[in-house]
Amino acid sequence: RRCTDIICCVIFIVVILGYIALGVVAWVHGDPRKVIYPTDSYGQFCGQKNTLNKNKTILFYFNILKCASPVVLINLQCPTTQLCVSKCPDRFATYIDVQASYRYRPDQWNYFRQFCKPGFNNPRKSVAQVLRDEDCPSMIIPSRPFLKRCFPDFSTKNGVLTVANQTTFKDGRGKTRNVTDLREAANGINNVLDARSVGMKIFEDYAISWYWILIGLFIAMVLSLLFLVLLRFTAGVLFWIFIFGVIGIIGYGIWHCYWEYDHLKGIPGSDLTVYDIGFQTDFKVYLQLRQTWLAFMIILCGVEVIIILMLIFLRNRIRIAIALLKEGSRAIGYIMSTLFYPIVTFLLIAICISYWAVTAVFLATSGEPVYKVMANQTLCKYANLTCDPETFNTTNVTKLCPGAQCTFAFYGGESLYHKYIFIFQLANAFVFLWLVNFAIALGQCTLAGAFASYYWAYRKPADIPLWPLFSSFGRAIRYHTGSLAFGALILAIVQLIRVILEYLDHKLKGTQNSFTRFLLCCLKCCFWCLEKFLKFINRNAYIMIAIYGKNFCTSAKEAFFLLMRNVVRVAVLDKVTDFLLFLGKILVAGGVGVLAFFFFTQRIPVFAQEVPMLNYYWVPLLTVIIGSYLVAHGFFSVYAMCVDTLFLCFCEDLERNDGSTAKPYFMSASLHRILGKKKLSPKKA
């Protein structure tokens with residue numbers, strides 16, 4: 001063996017070093033506090049230590065009615081003054097009422113002014129000027145913190161939306177309004193808050209049932225291993241039971257269609273055609289026609305004949321597929337360590353995801369506070385323009401747009417670094433996709449090398465090398481990093497294009513241009529198909545790399561043409577394997593799920609006293625079912641890779657050898673008997 005695709009290997013290493021450098025730069029310029037802490041209209045963090053806001057951890061909105069939706073609030077784009085406070089209001093009050101009662105009830109003013117701008121303590125200032133300058137809110141309403149922001153304390157009473165059990169409130173401008181006016185500004189808040197309560201209950205269920213969930217996943221692992229071992233003996237039985245079951249069901253369907261067809265004979269109107277009655281929204285009408293059942297019977301007869309003919313003409317290829325499945329089970333039995341390799345792939349992908357997420361957060365928070373003009377008037381020409389809060393009051397903006405404020409909008413900047421943050425985010429996403437695909441490719445090549453060493457061992461298991469999995473991993477890293485990176489690069493480019501197309505489709509979803517939507521739909525479909533095709537090619541190319549140690553392009557070409565020369569076998573093996581593995585996943589997930597259901601619903605008397613008290617028994621139940629399916633998928637993915645590797649080795653064996661003493665077959669005796677070729681040459685002692 002020698003190193004392959006060296007140029008791509010060098011580029012890959014350089015990109016990784018650049019990716020590390022990007023993370024360092026993002027870490028230097030970024031500030032995750034901008035995500036953790038809400039920011040007020042002055043660009044200051046709420047709750048930050050060693051600042052005036054250290055005890056003010058919640059963001060308060062002066063006029064929440066100006067906010068269109070919770071999304072606007074969370075993104076800090078609400079056109080009203082935002083202030084850091086220590087707690088949310090717990091009562092209804094208006095500035096007009098507080099000012100009127102200031103002399104004889106100063107406690108109300110002391111409570112109200114904590115929601116005014118810092119340092120403001122002039123209750124004698126006219127209401128019009130206070131509201132114009134937004135020194136204080138015109139009103140406060142009972143609120144509760146969510147995402148460290150004050151939202152109206154919505155509740156539903158007898159199907160009526162209320163705030164603190166009231167349906168009306170004063171808006172501080174001389175009007176009495178219904179709390180439904182707050183619905184648009186806080187759309188969906190109540191549901192989200194209810195979801196938060198549900199989330200806490202779910203967390204409690206996980207906290208007291210995690211032990212039993214792990215036991216369920218362990219049972220799933222044992223069942224998965226048991227299923228893989230049993231496939232050596234039951235693969236053929238399971239497949240033929242399914243096939244004859246399908247034939248029987250279709251046969252029953254044919255008989256039922258004929259019975260309905262004959263039963264409707266002589267009934268008035270049953271001899272009409274579908275064309276006579278036209279289109280009907282009630283599809284039961286069509287079931288009263290003999291023509292409908294005749295059509296069903298003809299279709300089912302056609303399907304039945306096709307299946308039977310396929311079984312007749314493809315019987316030998318089906319036997320080969322089943323033999324390869326059994327051989328795969330035998331190979332895994334000799335190299336059990338391969339079943340646990342998916343853990344390595346999982347850890348590598350987890351590292352990639354973590355690094356990408358942290359880098360993305362630091363990049364997103366790389367910037368200085370940007371302030372924009374927030375105007376009450378929609379026709380203000382200065383609205384949404386950048387401004388400087390220190391010099392804003394000296395400009396004529398407040399004169400032309402009364403009530404306009406220079407408030408914090410987002411984080412950004414005008415430097416070269418800040419101008420290219422979007423490009424950096426794109427590069428971060430692209431390298432992330434490249435690394436994830438490389439981790440998957442490394443796993444496929446490693447497993448392929450281990451299973452290829454099993455197939456090409458002349459005397460099994462005596463000639464299987466020691467530690468085949470570790471040896472294969474070492475070869476893949478030492479010689480074929482460039483080839484694996486090359487295949488991962490091609491796939492990452494296509495995936496990035498798909499991400500961009502999804503982004504454009506999301507942005508253009510509201511457009512009325514039908515041609516644009518049609519073009520995007522076609523492009524998305526084409527690149528989806530291209531990605532599936534490349535995954536298929538890459539997978540088989542990695543197998544050829546593991547076997548022969550050639551570069552990526554050569555391996556991909558040889559694998560493709562080898563598969564094309566055996567295209568029928570590929571199709572049969574693929575479908576037989578998919579069916580059996582899918583059946584295994586359903587059996588494992590369903591079996592463990594049924595056991596978990598009986599356990600968590602206290603229907604197993606022996607363990608009734610051990611069942612924890614849960615808010616929702618479906619929380620651990622769904623976790624066990626989904627987790628069991630993923631565990632089974634992890635084990636069966638190794639099995640699928642084993643079968644694919646053995647199949648390519650089998651095809652190569654047929655083309656390169658003829659069963660003679662000089663060129664003996666390396667395939668097992670069962671495969672050789674199915675082929676019915678020359679007698680297997682005696683193996684050396």
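Q: Let's start at Cys 3: what is its relative accessible area, and how do I read that?
A: The general idea is a three-way split: buried is under 20% relative accessible area, exposed is over 50%, and partly exposed is in between (1.4 Å probe, protein chains only). Cys 3 has a relative accessible area of 39%, so it is partly exposed.

Q: Anything I should know about the model itself?
A: It's a predicted model, where local features need pLDDT of at least 70 and side-chain atom pairs count only at pLDDT 80 or more, while totals for chains, interfaces and linings use all residues. Residues are numbered from 1 along each chain as its sequence is written, and side-chain values use heavy atoms, leaving out hydrogens and water.

Q: How many helices and strands does the protein chain have?
A: Helices (H or I, at least four residues) and strands (E, at least two) are DSSP runs, numbered from the N terminus. Here that gives 21 helices and 13 strands. Of the 685 residues in the protein chain, 43% are buried.

Q: How do I tell which cysteines are bonded?
A: In general, a disulfide is a covalent bond between the sulfur atoms of two cysteines. The working test is a pair of cysteine sulfur atoms within 2.5 Å. By that rule the count is three disulfides. Cys 3 misses out because the closest cysteine sulfur, in Cys 9, is 7.3 Å away, too far for a bond. Cys 526 is in no disulfide either, with the nearest cysteine sulfur, that of Cys 525, 5.7 Å away.

Q: Which residue does Cys 46 pair with, and where do the partners sit?
A: Its partner is Cys 84, with the sulfur atoms 1.9 Å apart. Cys 46 is in the loop between helix 2 (33–36) and strand 1 (58–61), and Cys 84 is in strand 2 (residues 82–85), so to speak 38 residues apart. The angle about the S-S bond is -80°, a left-handed link. Cys 46 and Cys 84 are both buried.

Q: What does the disulfide of Cys 88 and Cys 150 tie together?
A: Cys 88 lies in the loop between strand 2 and strand 3 (93–94) and Cys 150 lies in strand 6, so this pair ties together parts that are 62 residues apart in sequence. The S to S distance is 2.1 Å, and the torsion is about -95°, so this disulfide is left-handed. Cys 88 has a relative accessible area of 10% and Cys 150 is at 3%, which counts as buried.

Q: And which hand does the link of Cys 116 and Cys 136 have, left or right?
A: Right-handed, with 110° about the S-S bond. The sulfur atoms are 1.9 Å apart. Cys 116 is in the loop between helix 5 (106–112) and helix 6, and Cys 136 in the loop between helix 6 and strand 4, 20 residues apart. Cys 116 is buried at 3% relative accessibility, and Cys 136 is buried at 2%.

Q: How do I read the pairing of strand 5 and strand 6?
A: Two strands pair if DSSP finds at least two bridges between them. Strand 5 (residues 143–146) and strand 6 run antiparallel, joined by four bridges. Ser 143 stands opposite Pro 152 in strand 6. The hairpin has two residues between the strands, and Leu 147 takes a positive phi near 55°.

Q: Which way do the residues of strand 6 point?
A: In strand 6 (residues 149–152), Arg 149 and Phe 151 point one way, Cys 150 and Pro 152 the other, and all are buried.

Q: What makes a nonpolar core?
A: In soluble globular proteins, nonpolar side chains tend to be buried together. The rule takes buried Ala, Val, Leu, Ile, Met, Phe, Trp, Tyr and Cys residues joined through side-chain atoms within 4.5 Å. The largest nonpolar core has 117 residues, and those touching the most other members include Trp 434 and Phe 636. Helix 14 (residues 421–455) gives the most to this core, with 19 residues. Apart from it lies another core, of 19 residues, among them Cys 136 and Cys 150.

Q: What is Phe 636 in contact with?
A: Contact means heavy atoms within 4.5 Å. Leaving aside neighbours within four places in sequence, the contacts of Phe 636 include Phe 227, Leu 228, Leu 581 and Val 588.
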